[in-house]
Amino acid sequence: MTVAGGAGTGEESVLEDAAHLAGVPDEFQRLWVPHRMTYIQAGPEPLREECPFCDAPKHSDEERLIVARGRTAYVLLNLFPYNSGHLLVCPYRHIATYDQATAEEVAEIGDLTQTAMRVLAETSRCDGFNIGMNQGAVAGAGVDAHLHQHVVPRWSSDANFFPIIAKTKALPQLLGDVRNTVAAAWPA
């Protein structure tokens, strides 16, 4: 776009078309996921002096993204989620595998998982879930020494292929915002 310059200068200026300015959508899509910087800066395996699932309950719920606390187990957001609302259900006791859990821990992990599903369905309007436990490093457990169950909400309209083609996951909400929403909807 060309416009006349200053009064009486006889010069013309070139103005950029607003469609090409920063922040305007173009053929390149940008993913803004600032919470991932913690993971990136920590390197391939964050150094841990203490088990993160033993340490989390010692802090405030907001600081460690804890959504709910039970007698033998608790629920928190995954720091490196597969989807927004990705929750973990963990026993307080430091055990590695499901067969080491007491009947009381198994029952409460199940109850908390069911409640997590109900709350996520209400707050995120998801269409389904992936629920599971990775037992041991060889099975993909990121924290293999402390039992934890994943509750991952899924949506039928989610056609995000970034994980497949670019090893990137788009997460539309910040973890603190998700934690506040889920915690507020959790039954007392």
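Here is a walk through the structure, one selection at a time. Keep in mind that this is a predicted model.

**Stop 1: helix H5**

Select residues 175-185, which make up helix H5. Colour Leu175, Val178, Arg179, Val182 and Ala183, since these are its buried residues. They sit on the same side of H5, because together they cover an arc of only 120 degrees around the axis. The general rule behind such patterns: an α-helix has 3.6 residues a turn, so residues three or four places apart point the same way.

What do the buried residues of H5 pack against? Bring up strand E3 (66-69), strand E4 (73-77), strand E5 (87-91) and helix H3 (103-124), and you have the partners.

**Stop 2: the nonpolar cores**

Now go for the largest nonpolar core, which has 23 residues. Val67, Val75, Leu77, Leu87, Val182 and Trp186 are the ones with the most contacts inside it. E3, E4, E5, H3 and H5 each put in at least two residues, and H3 gives the largest share, with 5.

Zoom in on Leu77 from that group. Skipping residues up to four places away in sequence, Leu77 touches Leu65, Val67, His86, Leu87, Leu175, Val178 and Arg179. Another core, of 10 residues, lies apart from the 23-residue one; Cys51, Cys54, Ile66 and Tyr74 are among its members.

**Stop 3: Arg179**

Back to H5, where Arg179 is found. Is Arg179 buried or exposed? Its relative accessibility is 8%, so Arg179 counts as buried. Show its contacts, again without neighbours within four places in sequence: Asp61, Glu62, Leu65, Ile66, Val67 and Leu77.

One of those contacts, Glu62, also forms a salt bridge with Arg179, the closest N and O atoms being 3.9 Å apart. This pair links distant parts of the chain: Glu62 is in the loop between helix H2 (52-55) and E3, 117 residues from Arg179 in helix H5. Glu62, for its part, is exposed, with a relative accessible area of 51%.

**Stop 4: more salt bridges**

The whole structure has 7 salt bridges. Select Asp55 and Arg64 for another one, with the closest N and O atoms 2.6 Å apart. Asp55 is buried at 17% relative accessible area, while Arg64 is partly exposed at 27%. Add Glu63, whose side chain meets that of Arg64 in a salt bridge (3.6 Å, N to O). Through shared partners, Asp55, Glu63 and Arg64 are joined into one network.

**Stop 5: Glu108, without a partner**

Move to helix H3 and pick Glu108. Which side chain of opposite charge is nearest to Glu108? That would be Arg71, 5.9 Å away. A salt bridge needs nitrogen and oxygen within 4 Å, and Glu108 has none, although it is buried. Leaving aside neighbours within four places in sequence, Glu108 is in contact with Gly70, Arg71, Thr72 and Ala73.

**Stop 6: the tyrosine pair**

Last stop: the structure holds 1 aromatic pair. Select Tyr74 and Tyr92: the ring centres are 5.2 Å apart and the planes are at 25 degrees, so the pair is stacked. Tyr74 lies in strand E4 and Tyr92 in the loop between E5 and H3, so the pair ties together parts 18 residues apart in sequence. Tyr74 counts as buried, at 0% relative accessibility, whereas Tyr92 is partly exposed, at 26% relative accessible area.

Note on methods
Residues are numbered from 1 along each chain as its sequence is written. This is a predicted model: local features need pLDDT of at least 70, side-chain atom pairs count only at pLDDT 80 or more; totals for chains, interfaces and linings use all residues. Side-chain values use heavy atoms; hydrogens and water are left out. Buried means under 20% relative accessible area, exposed over 50%, partly exposed in between (1.4 Å probe, protein chains only). Helices (H or I, at least four residues) and strands (E, at least two) are DSSP runs, numbered from the N terminus. The arc is that of the directions from the helix axis to the C-beta atoms. Contact means heavy atoms within 4.5 Å. Rings of Phe, Tyr and Trp (its six-membered ring) pair if their centres lie within 6.5 Å; planes under 30 degrees apart count as stacked, over 60 as edge-to-face and the rest as tilted. Lys and Arg count as positive and Asp and Glu as negative; His and the chain ends are not counted. A nonpolar core is a set of buried Ala, Val, Leu, Ile, Met, Phe, Trp, Tyr and Cys residues joined through side-chain atoms within 4.5 Å.
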